[in-house]
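Hi,

Here is the structure I promised to pass on to you. Have a look at it first, then read my notes below with the model open next to them.

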Amino acid sequence: QVQLVESGGGLVQPGGSLRLSCAASGSIFSISDMGWYRQTPGQQRELVATITNGGSTKYADSMKGRFTVSKDNAKNTVYLQMNSLKPEDTAVYYCNARVMERGSREFKGYWGQGTQVTVSS
């Protein structure tokens, strides 16, 4: 089994910053992509940013220049630095990872439990 545990969410004022972390643990042989998605009530989960094992990144257009995704491969941890936060960034942020478990030959997607980010004055 694989677990993803997020941390770092909370309440922040508009223009402020937060840093989210997500650590993967369990029976991990290899991790390819890791990333972040977010969801608001009544809406579909949307891409925020992803990063490959080699360090290539992808961002949703509305996050470019404000958010930075990074990864510590040795710690199986992905980070999301969020700057210049806006009220519309308020959402539950979910970590995602594509993991090959020990004894397996394929990558599977896993989700964290989500962490609430609220941007409000």
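Let's start with one pair you can find quickly: Tyr 93 stands opposite Thr 115, which belongs to strand 11. Before you go further, keep in mind that this is a predicted model.

**Strand 9 and its partners**

That first pair belongs to a bigger pattern, as strand 9 and strand 11 run antiparallel and are joined by three bridges. Strand 9 also runs antiparallel to strand 4, and here nine bridges do the joining. If you want a spot to look at in that pairing, try Tyr 37, which stands opposite Tyr 94 in strand 9.

Then there is strand 10, which pairs with strand 9 over four bridges, again in the antiparallel sense. Ala 97 is a handy marker there, standing opposite Tyr 110 in strand 10. These two strands make a hairpin, with six residues between them. In the turn you'll find Gly 103, whose phi is positive, at about 85°.

Is strand 9 mostly covered or mostly open? Mostly covered: of its eleven residues, nine are buried. While you scroll along a strand, remember that side chains in a regular strand alternate between the two faces of the sheet.

**The core**

The largest nonpolar core is made up of 31 residues. Trp 36, Leu 80, Met 82 and Tyr 93 are the ones with the most contacts inside it. Several strands give two or more residues to this core, among them strand 1 (2–7), strand 3 (18–26), strand 5 (46–51) and strand 8 (77–82). Which strand gives the most? That is strand 9, with five residues.

**The disulfide**

A disulfide is a covalent bond between the sulfur atoms of two cysteines. The count here comes to one. Cys 22 and Cys 95 form it, with their sulfur atoms 2.0 Å apart. The two cysteines come from distant parts of the chain: Cys 22 sits in strand 3 and Cys 95 in strand 9, 73 residues apart. The angle about the S-S bond is -80°, and the link is left-handed. Don't look for the two cysteines on the outside, as both Cys 22 and Cys 95 are buried.

**Rings, and an arginine over them**

Aromatic pairs come to a count of one as well. Tyr 37 and Trp 111 form that pair, with 5.2 Å from centre to centre and 70° between the planes, an edge-to-face arrangement. Tyr 37 is part of strand 4 (residues 28–39) and Trp 111 is part of strand 10 (residues 108–111), so the pair ties together parts that are 74 residues apart in sequence. Trp 111 has a relative accessibility of 41%, so it counts as partly exposed.

Now find Arg 45. It lies over the face of Trp 111, at 4.5 Å from the ring centre. Arg 45 also lies over the face of Tyr 94, here at 3.6 Å from the ring centre.

**Three loop residues to click on**

Two of these are in one loop. Met 63 is in the loop between strand 6 and strand 7, and Arg 66 lies in the loop between strand 6 (57–59) and strand 7 too.

Why does Met 63 count as buried? Its relative accessibility is 0%, so it falls under the 20% cut-off for that label. Not counting neighbours within four places in sequence, Met 63 is in contact with Arg 38, Glu 46, Leu 47 and Val 48. Measuring from C-alpha to C-alpha, Met 63 and Asp 89 are 9.2 Å apart in space, and 26 residues apart in sequence.

Arg 66 might catch you out: its relative accessibility is 11%, so it counts as buried. Leaving out residues up to four places away in sequence, Arg 66 touches Gln 81, Met 82, Asn 83, Ser 84, Leu 85, Lys 86 and Asp 89.

The third one is Gln 113, in the loop between strand 10 and strand 11. With neighbours within four places in sequence left aside, Gln 113 is in contact with Leu 4, Val 5, Glu 6 and Tyr 94. The C-alpha atoms of Gln 113 and Val 78 are separated by 15 Å, and the two residues are 35 apart along the chain.

Happy clicking!

Note on methods
Residues are numbered from 1 along each chain as its sequence is written. This is a predicted model: local features need pLDDT of at least 70, side-chain atom pairs count only at pLDDT 80 or more; totals for chains, interfaces and linings use all residues. Side-chain values use heavy atoms; hydrogens and water are left out. Rings of Phe, Tyr and Trp (its six-membered ring) pair if their centres lie within 6.5 Å; planes under 30 degrees apart count as stacked, over 60 as edge-to-face and the rest as tilted. Buried means under 20% relative accessible area, exposed over 50%, partly exposed in between (1.4 Å probe, protein chains only). A charge sits over a ring if NZ of Lys or CZ of Arg is within 6 Å of the ring centre and within 35 degrees of the ring normal. A nonpolar core is a set of buried Ala, Val, Leu, Ile, Met, Phe, Trp, Tyr and Cys residues joined through side-chain atoms within 4.5 Å. A disulfide is a pair of cysteine sulfur atoms within 2.5 Å. Contact means heavy atoms within 4.5 Å. Two strands pair if DSSP finds at least two bridges between them.
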